[in-house]
Amino acid sequence: MTESTRLRSRLLQPAHRAHRYELPECAPHTAAATGYLPHAPALPAPARCPRAKWRRSPRLAARHYHRLCGSASTRAPARVSRSVLPLSAVFIGMVTSNNLCLKHVGVAFYNVGRSLTTVFNVLLSYLLLKQTTSLYALLACGVIIGGFWLGVDQEGAEGTLSWTGIFFGILASLCVSLNAIYTKKVLPVVDGSIWRLTFYNNVNACVLFLPLMMLLGEFRTLYHFDKLGNPSFWGIMILGGVFGFAIGYVTGLQIKFTSPLTHNVSGTAKACAQTVLAVIYFEETKSLLWWTSNLMVLGGSFAYTWVKGLEMRKVQEDPNVKSSERNETGV
């Protein structure tokens, strides 16, 4: 009997006669690893076995375990904080530019001043993700830009235009768009937990604000501030902090269950209501073209949402659409 015939007869033995061989842990991809090939010889372990090193070093073994299968709940806080850091940097830019925009423009014009969020969504989707946008969606963005320039023109006609406020409004629009995109991107790092994301984001922001305060001389301003001991001031600050935390939590929750686009559109609707309330509260009188600019911004944003909704529905109903095209409609 030849060697090949003898080996073949061993492989064809009944299952009850099959004998399992224990394979060394460092050779999992060999035939004997399955345990179902009878009389398969156990291979010797490689000379450089990493698991032997892990047994000698518990710290190295723990690091390898967390790297391969550790979830966000088991990762080190410093590592999670480092992963959330890009979102925190964008968050700082958003908060700072929003406040500086409100400092130089009125609350009523704030809607128009930072109305380019949807436009930046389209630009960033093309530049970062190489996703194209349909013609109708681009037309809706054109309506938004037209409303923005009409609002700027009307503010100039009334003598209340501030180009510094316009600049920070455009920067705020860019940061709001990036904030929505990075929130969606960073959520898996914290296992989709909005509470953990909000916590790490706020801790990072508190640390990152310190060098900015030092560069801009805010510590000196804070030292000479005469209301540091005023209880009313701290009451308003605490109330503002509670509302800010609630807005951040609800924003993350909305982005988690919908999309960055839905969040930006709902933010536009919120800004429209804010504009109307500001005009009523401050008893301001605005021209017809001023109101037209606000309606153009709001109408363009909702038109963009409607077009994107139709595209997404078409993709979901058509099973022959490529996966790349499915991603393009989810901007």
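The exercises below work through helices, burial, cysteines and annotated regions in one predicted model.

Residues are numbered from 1 along each chain as its sequence is written, and side-chain values use heavy atoms, with hydrogens and water left out. In this predicted model, local features need pLDDT of at least 70 and side-chain atom pairs count only at pLDDT 80 or more, while totals for chains, interfaces and linings use all residues.

**Exercise 1. Compare the span of helix H6 with its expected span, and say which of its residues are buried.**

Step 1: Helices are DSSP runs of H or I with at least four residues, numbered from the N terminus, and H6 covers residues 117–129, which is 13 residues.
Step 2: The expected span is 1.5 Å times one less than the number of residues; for H6 this gives 18 Å, and the helix reaches 17 Å from its first C-alpha to its last, which is close to that value.
Step 3: Buried means under 20% relative accessible area, exposed over 50%, and partly exposed in between, with a 1.4 Å probe and protein chains only; in H6 the buried residues include Thr117, Phe120, Leu124 and Ser125.
Step 4: After H6 comes Lys130, whose phi is positive, near 60°.

**Exercise 2. Describe the surroundings of Thr198.**

Step 1: Thr198 belongs to helix H9, residues 194–215, and it counts as buried because its relative accessibility is 9%.
Step 2: A polar atom of the Thr198 side chain lies 2.7 Å from the backbone oxygen of Ile194, which can be set against the polar contact limit (N or O atoms within 3.5 Å; within protein, one able to donate a hydrogen and the other to accept it, and residues adjacent in sequence counting only if both atoms are side-chain atoms).
Step 3: When neighbours within four places in sequence are left aside, Thr198 is in contact, meaning heavy atoms within 4.5 Å, with Phe245 and Tyr249.

**Exercise 3. Is Pro77 buried or exposed, and how many residues separate Pro77 from Tyr200?**

Step 1: Pro77 is placed in helix H4, residues 77–104, and it counts as exposed because its relative accessibility is 52%.
Step 2: Pro77 and Tyr200 are 123 residues apart in sequence, yet their C-alpha atoms are 8.6 Å apart in space.

**Exercise 4. How many disulfides does the structure hold, and which of Cys175 and Cys206 is buried?**

Step 1: A disulfide is a pair of cysteine sulfur atoms within 2.5 Å, and the structure holds zero of them.
Step 2: Cys175 is buried, since its relative accessible area is 9%, whereas Cys206 counts as exposed at 54%.

Note on methods:
Helix = DSSP H or I, 4+ residues; strand = E, 2+ residues; numbered from the N terminus.
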